[in-house]
Amino acid sequence: MTNRTRSCILGACALALIAAACTEGDGSSGTSRTTGGAGTASSGPASSAVPPEQALSGFENIQHLIFIVQENRSFDHYFGTFPGADGIPTNAKGEFTVCAPDAVTGDCARPYHDPTLVNQGGPHAKPHSDIDVAGGRMNGFIDAAIAGPFPCAETRAPADCDGHRDLGPQDQPDVMGYHDAREIPNYWAYAEHYTLQDHMFGPTDSWTLPAHLFLVSAWSARCSDPDDPMSCESDLEQDGVIERQRVGAHPKIYGWTDITQLLFEHDVSWGYYPGGELCTSRPCPVDGPTAAQNPLPSFTTVHDNRQLENVQTHGDFLSSLQDGTLPAVSWITPGGGGISEHPGNGEPLTEGQAYVTKLVNAVMESDDWSTSAIFLTWDDWGGFYDHVAPPRVDENGYGLRVPGILISPWARRGIDSQTLTFDAYLKLIEDLFLGGERLDPSTLQRPDSRPTVREDVKILGDLRSAFDFRQDPLPPLILDPDPDPGAASTPGG
């Protein structure tokens, strides 16, 4: 980002900070619960209540937004027993009060602690989301796994279930399993020391590719002409599209306007880091990008603006921390190599935790830590149980809850219960770096046919309220990428 752009934006920071959040103590020292800007009912789009320039005081401290996106875990699967969070419902005895009917065993199977590190999960395309949500009852997860079909869920046979390791105590599939600090101690440590977002929803009720399209553009669509942004219509399946991106081919596919177009117009730097190496020829490197996580090179805007070179490797991201060239906006996806935490890939989820920890450590150990905000999330729910019905804001979502964590010296420590999704990331980028400009066809220089201005949906929270610039900056938390297991959690605690 140029000094001209940053100076223009920071000129607004002299204005007083209008209260963007209300907090209520949760009984823990130094923590709070942020509730401002949230909602629970379905709602359509509306203009932002607070003009962005009136809520920027202190944000000169944030020069870099870093989005680390892992794969396929629900909030309850990773943080369903985290103290104070909106986790798996329990009674006064700490016993789970929810269950999912299991047509194979005849039981109503409850969530259970899953100590295994290699998980199977469940199917997670649009039809499976509908089954899981079950009209708001949130009890179709085993039905969806059986219908997948996932062999273990369908048969419960030892040969299909790695003996018994893929099943719970009621012989339920591991879609009903949850983890805690015993398996993911570093993720729990980040949640304890910084900000855990317990109402982060997937942007759409579908799989990885649509989620990543929303990550950078607030839409998932199919275009009859990639050079005509008005030729696009919503598409959550993206059937066959991914094949056009494999083995390094990146033709123009996605014709609507993404956030990099606005960053380009405002001369704001960005980088997208989809793997340990880039895939430019066959065969792709083992740690190269996964096509579904790497749609940005096939956006027409990236081609037309000649910014394909902004798509780089994980090593390039680490180098930017060392040489002082970290962009204003960075997205990091795992790519191949077994570090994505995608269930069913045969790799322990701790491989993903180690990779993420190394990235976070690198930011914390750099000169950019004091002016950075890291947002860690997962792209979709992976078929795993979650008890909160997602709000409906348009025909495309929201999707089921996923974990979200804000890591920054300026994070408002505690639990943030605003209604959030990846649209809130784009809204923050727009408010901090683009003068509040939205991906809105009525204002875009390159208008498209999107049905909803997602950043202006009424119930969407405002991530600016997750920061506190009056506090002493929180220190870095350098963690061992391969830690010992943490303590057991107490359901309902």
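These points go through the helices, cores, disulfides and backbone exceptions of a predicted model.

1. Helix α11 covers residues 349-364. Its 16 residues should span 22 Å at 1.5 Å a residue, and the C-alpha atoms at its ends are 23 Å apart, so the expected and computed lengths agree. Of those 16 residues, 13 are buried, so α11 is largely enclosed by the rest of the structure.

2. The largest nonpolar core has 105 residues. The members that touch the most others are Leu65, Phe79, Trp331, Phe375, Ile429 and Phe467. In general, nonpolar side chains of soluble globular proteins tend to be buried together.

3. Leu65 shows how distant parts of the sequence meet in that core. With neighbours within four places in sequence set aside, its contacts include Ala328, Val329 and Ser330, then Ala373 and Phe375, and also Leu428, Ile429, Leu432 and Phe433. Two of these partners, Phe375 and Ile429, are themselves among the residues that touch the most other core members. Apart from this core lies another one, of 19 residues, including Ile146, Ala153, Val175 and Met176.

4. Is Lys126 buried or exposed? Lys126 belongs to helix α3, residues 126-133. Its relative accessibility is 18%, and the cut-off for buried is under 20%, so Lys126 counts as buried. Beyond its neighbours within four places in sequence, Lys126 is in contact with Asp205, Ser206, Leu236 and Glu237.

5. By the distance rule for sulfur atoms there are four disulfides. With bonded cysteines counted along the chain, they follow the pattern 1-2, 3-4, 5-6, 7-8. Three of them are described in the next points.

6. Cys99 and Cys108 are bonded, with their sulfur atoms 2.0 Å apart. The torsion about this S-S bond is about 85 degrees, so the disulfide is right-handed. Cys99 is partly exposed at 22% relative accessible area, and Cys108 is also partly exposed, at 33%.

7. Cys152 is joined to Cys161, with an S to S distance of 2.1 Å. This link is right-handed, with 110 degrees about the S-S bond. Both cysteines, Cys152 and Cys161, are buried.

8. The disulfide of Cys279 and Cys284 has an S to S distance of 1.6 Å. It is left-handed, with -55 degrees about the S-S bond. Cys279 is buried, with a relative accessible area of 7%, whereas Cys284 is partly exposed at 29%.

9. Most residues other than glycine have a negative phi, and most peptide bonds are trans. Where does the backbone depart from this in phi? Asp162 has a positive phi of about 50 degrees without being a glycine. Asp162 sits in the loop between α5 and β7 and is partly exposed, with a relative accessible area of 40%. Ala218 has a phi near 65 degrees, again positive in a residue other than glycine. Ala218 lies in the loop between α7 and β9, and it is buried, with a relative accessible area of 2%.

10. Two peptide bonds deserve a look. The bond from Gly148 to Pro149 is cis, with omega near -10 degrees, and Pro149 lies in the loop between α4 and α5. Gly397 and Tyr398 are also joined by a cis peptide bond, with omega about 20 degrees. Tyr398 is in the loop between β13, residues 372-378, and β14, residues 404-407.

How values were computed: Residues numbered from 1 in each chain as written. Predicted model: local features only at pLDDT ≥ 70, side-chain atom pairs only at ≥ 80, totals over all residues. Heavy atoms only, no water. Helix = DSSP H or I, 4+ residues; strand = E, 2+ residues; numbered from the N terminus. Expected span 1.5 Å × (residues − 1). Buried < 20%, exposed > 50% of the residue type's maximum accessible area, 1.4 Å probe, protein only. Core = buried A, V, L, I, M, F, W, Y, C linked by side-chain atoms within 4.5 Å. Contact = heavy atoms within 4.5 Å. Disulfide = S-S within 2.5 Å.
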